[in-house]
Amino acid sequence: MLSLPDPSPSKSLLSLPAPSPSRSPRPPPPPPSQKHATPVSLSQIVISKQAVNSENRPPQTPNNNTKTSVKQPILLQTEPRRTNPLIWFGAVVCLVFSLLLIFFGIATLIIFLVVKPRTPVFDTPNARLNTVYFDSPDYFNGDFAIIANFSNPNRKLDVRFEYVDIELYFADRLISTQALQPFTQPPGEIRLEAVHLISSLVYLPQNHAVELRTQVQSNRVNYNIRGTFKVRATLGMIHVTYWLHSRCQLQMTGPPTGILVARNCRTKR
């Protein structure tokens, strides 16, 4: 047998680097976990129909009509709308009407402050009771005359009485009426008109008939005069029309020479 030489210790041993004193040795990695399979029989295997259908369903292409879960804001750019010409026309008419109202209001105020219009006055300075007699218990006849005084207290306004109606009342019963012709009064004028009021077979309720007989016997007869007038006041080209209502309470002595004892007259618009 041949003897083999002993291997050199320098060549037989591999030189390993010495561990660094500053680094600690790493722990060995954990062994891989092993899954233990449990044997399952064929009868326990269940395949869901939904899974099969999902596997056999062809891939769907994206559809633009499908609604996305995220709503994106939609910005619409609207064009300015033109105003209807009828609206402009109505606005112009309202503006003109307002200006006219302001103008006439200022003009009326100026006229009122400069002219200072006053209401015409109606009065009865004199009256005469000629007759009161009864043909029957409920029907009577009478003759009554007054002097009507119309005065225009304005200094710059002409006044025209376009409608004049004078009524005679006993208590609240109308017993005679008389209308006058229209007339005009210049500023500051006084006009006297004779008014003759005749009652012919005028019906009076029993209580009113008894009251009139009592007043005639006591030599104090109370009559009421009511006047209704339509008046037009004129200043140059400007004129204003309004209604006047006059009330006069007259106390007369008994007929046939009944005279005016007391009176109270008021005129208002």
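Which side chains does a polar contact of 3.2 Å join? The side chains are those of aspartate 123 and arginine 263. The model shown is predicted. The legends below begin with the whole chain and then move to single sites.

**Figure 1. Overview of the fold.** The protein has four helices and nine strands. Along the sequence, the elements run α-α-α-β-β-β-β-β-β-α-β-β-β. Of the 269 residues, 24% are buried. Among contacts with a separation of 6 or more, 66% are between residues 24 or more positions apart. The exposed area of the protein is about 21,600 Å². Carbon and sulfur atoms supply 59% of that area.

**Figure 2. Aspartate 123 and its partner arginine 263.** Aspartate 123 is found in strand β1, residues 121-134. It forms a salt bridge with arginine 263, and the closest N and O atoms are 3.2 Å apart. The pair links distant parts of the chain: arginine 263 belongs to strand β9 (residues 258-268), and the two residues are 140 residues apart. Side chains of opposite charge can pair when their charged atoms come close. Aspartate 123 counts as buried because its relative accessibility, 17%, is under the 20% cut-off. Arginine 263 has 42% relative accessibility, so it counts as partly exposed. Leaving aside neighbours within four places in sequence, aspartate 123 is in contact with Ile147, Ala148, Asn149, Arg263 and Cys265.

**Figure 3. Arginine 232 with glutamate 162.** A search of the whole structure finds three salt bridges. In one of them, the side chains of arginine 232 and glutamate 162 meet at 3.5 Å, N to O. This pair, too, links distant parts of the chain. Arginine 232 sits in strand β7 and glutamate 162 in strand β3, 70 residues apart. Arginine 232 is partly exposed, with a relative accessible area of 29%. Glutamate 162 is also partly exposed, at 27% relative accessibility.

**Figure 4. Arginine 191 with glutamate 193.** Here the side chains of arginine 191 and glutamate 193 meet in a salt bridge of 2.8 Å, N to O. Is arginine 191 buried, partly exposed or exposed? At 29% relative accessibility, arginine 191 counts as partly exposed.

**Figure 5. The largest nonpolar core.** This core has 38 residues. Those with the most contacts inside it are Phe144, Phe150, Ile166, Tyr223, Ile225 and Phe229. Several elements each supply at least two core residues, including β1, β2 (139-151), β3 (158-170) and β4 (173-180). Others that do so are β6 (190-203), α4 (206-217), β7 (221-235) and β8 (238-252).

**Figure 6. Close-up of phenylalanine 229.** Phe229 is one of the core residues with the most contacts inside the core. What surrounds phenylalanine 229, leaving aside its neighbours within four places in sequence? Its aromatic contacts include Phe122, Phe150, Phe161, Tyr163, Tyr242 and Trp243. Val164, Ile166 and Leu244 are also in contact with phenylalanine 229, as are Asp165 and Ser246.

**Figure 7. A nonpolar patch on the surface.** The patch is formed by Leu95, Leu99, Ile102, Ile106, Leu109, Ile110, Phe112, Leu113 and Val114. Together these residues have about 920 Å² of accessible area. Leucine 113 is found in helix α3, residues 85-115. Leucine 113 counts as exposed because its relative accessibility, 54%, is over the 50% cut-off.

**Figure 8. Backbone geometry at three sites.** Most residues other than glycine have a negative phi, and most peptide bonds are trans. Where is a cis peptide bond found? It joins proline 255 and proline 256, with omega about 10°. Proline 256 is in the loop between β8 and β9. Alanine 171 has a positive phi, near 60°. Alanine 171 lies in the loop between β3 and β4. At 39% relative accessibility, alanine 171 counts as partly exposed. Leucine 201 has a positive phi as well, of about 50°, although it is not a glycine. Leucine 201 lies in strand β6.

How values were computed. Residues are numbered from 1 along each chain as its sequence is written. This is a predicted model: local features need pLDDT of at least 70, side-chain atom pairs count only at pLDDT 80 or more; totals for chains, interfaces and linings use all residues. Side-chain values use heavy atoms; hydrogens and water are left out. A polar contact is a pair of N or O atoms within 3.5 Å; within protein, one must be able to donate a hydrogen and the other to accept it, and residues adjacent in sequence count only if both atoms are side-chain atoms. Contact means heavy atoms within 4.5 Å. A nonpolar core is a set of buried Ala, Val, Leu, Ile, Met, Phe, Trp, Tyr and Cys residues joined through side-chain atoms within 4.5 Å. Buried means under 20% relative accessible area, exposed over 50%, partly exposed in between (1.4 Å probe, protein chains only). Patches are made of residues with over 30% relative accessible area and no salt bridge: like charges are joined within 9 Å, nonpolar side chains (Val, Leu, Ile, Met, Phe, Trp, Tyr) within 5 Å. Accessible areas come from the Shrake-Rupley method with a 1.4 Å probe; for residues, only the protein chains shown count as cover. A salt bridge is a side-chain nitrogen of Lys or Arg within 4 Å of a carboxyl oxygen of Asp or Glu.
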